[in-house]
Amino acid sequence: MSSQTSPLATQLLTQLSSTKNFHPTQKWLTAFMSTQKSTTPLPALTSTALFRLLSSDITTSLSSDPAHCLPNDIHNVNVKERRLQGPIVVQLLGIEDMSKSRWEQIEAIEALERGEGTKGREIIRVTATEDDDDSSAGINKGGGPHKLSLQDAHGTCIYGIELRDIKGVGLGIRIGCKMILRNVLVARGVLLLEPANMTLLGGKIEALHKAWKENRKAELKAAIELSERTAQSNT
């Protein structure tokens, strides 16, 4: 396909925006359509596009139009409360279980690396195929609330706090997972998240996911060592 404004491309944009609130850039759309056959049925084309967008970095694949992104002054701590109507698509850059100590978080990450998750107090074996793009595969629930580092298509990063358990959110969620924010309360620059205002779409950015797993353990261990040295120096 070479035409950027072909009827099929226009139909695809309509499907992506109406079903997932995805608004691809013209550059991404042109590159994608150039790899597809003009005879591809719209449902199959939409499915392929969604898969690729869920695996993409939204700062390069989605429009950074202000209507689809976080406000420029979102971090203003002088604003006590505001509400974001959305919908706004964001991607996950990091997650922390605020109920767990640093060592417990390390143990949880290592358990997931061994293919283990938790169901209540029970340790279970998690089986996920390499092609499994379910962002919640291997989720380690039972803790929380969680602190999420999120990023919009413009590249603006913000923290969100899980006020109530959100299905699919936990240690083991895939970094790069896409989410939609709707009618979210923002308190002094922090998103207050709950099931009613955040929807998980899935996906993963492989490079970010791998780097986060490796770096997160190193960061936690470094913080523990620093804390121990500080404690020793004060005795």
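1. The contact between α5 and α6 joins Arg 102, Trp 103, Gln 105, Ile 106, Ile 109, Glu 110 and Glu 113 in α5 to Arg 216, Lys 217, Leu 220, Lys 221, Ala 223, Ile 224 and Ser 227 in α6, where contact means heavy atoms within 4.5 Å. The residues of this contact divide into six nonpolar, two polar and six charged; Ala, Val, Leu, Ile, Met, Phe, Trp, Tyr, Cys and Pro count as nonpolar, Asp, Glu, Lys and Arg as charged, and the others, Gly among them, as polar.

2. The model is predicted, with local features needing pLDDT of at least 70 and side-chain atom pairs counting only at pLDDT 80 or more, while totals for chains, interfaces and linings use all residues. Residues are numbered from 1 along each chain as its sequence is written, and side-chain values use heavy atoms, with hydrogens and water left out.

3. The axes of α5 (residues 102-113) and α6 (residues 206-233) come within 9 Å and cross at roughly 155°, axes being lines fitted to C-alpha atoms, for helices over the stretch in contact, with angles running from 0 to 180 degrees between N-to-C directions. The two helices, α5 and α6, are therefore roughly antiparallel to each other, since angles under 35 degrees count as roughly parallel, over 145 as roughly antiparallel, 65 to 115 as roughly perpendicular and the rest as oblique.

4. A second helix pair, α1 (residues 7-20) and α3 (residues 42-54), has axes that come within 10 Å and cross at roughly 60°, and α1 and α3 are therefore oblique to each other. In this pair Leu 8, Gln 11, Leu 12, Gln 15, Leu 16 and Lys 20 of α1 meet Leu 42, Leu 45, Thr 46, Ala 49, Leu 50 and Leu 53 of α3, and the residues of the contact divide into eight nonpolar, three polar and one charged.

5. The largest nonpolar core has 25 residues, and those with the most contacts inside it are Leu 148, Leu 150, Met 179, Leu 191 and Leu 193; such a core is a set of buried Ala, Val, Leu, Ile, Met, Phe, Trp, Tyr and Cys residues joined through side-chain atoms within 4.5 Å, and buried means under 20% relative accessible area (1.4 Å probe, protein chains only). The largest share of this core, four residues, comes from β2. Apart from it lies another core, of 21 residues, among them Trp 28, Phe 32, Ala 49 and Leu 54.

6. As for the whole chain, it has six helices and ten strands, which are DSSP runs (helices H or I, at least four residues; strands E, at least two) numbered from the N terminus.

Notes
Buried < 20%, exposed > 50% of the residue type's maximum accessible area, 1.4 Å probe, protein only.
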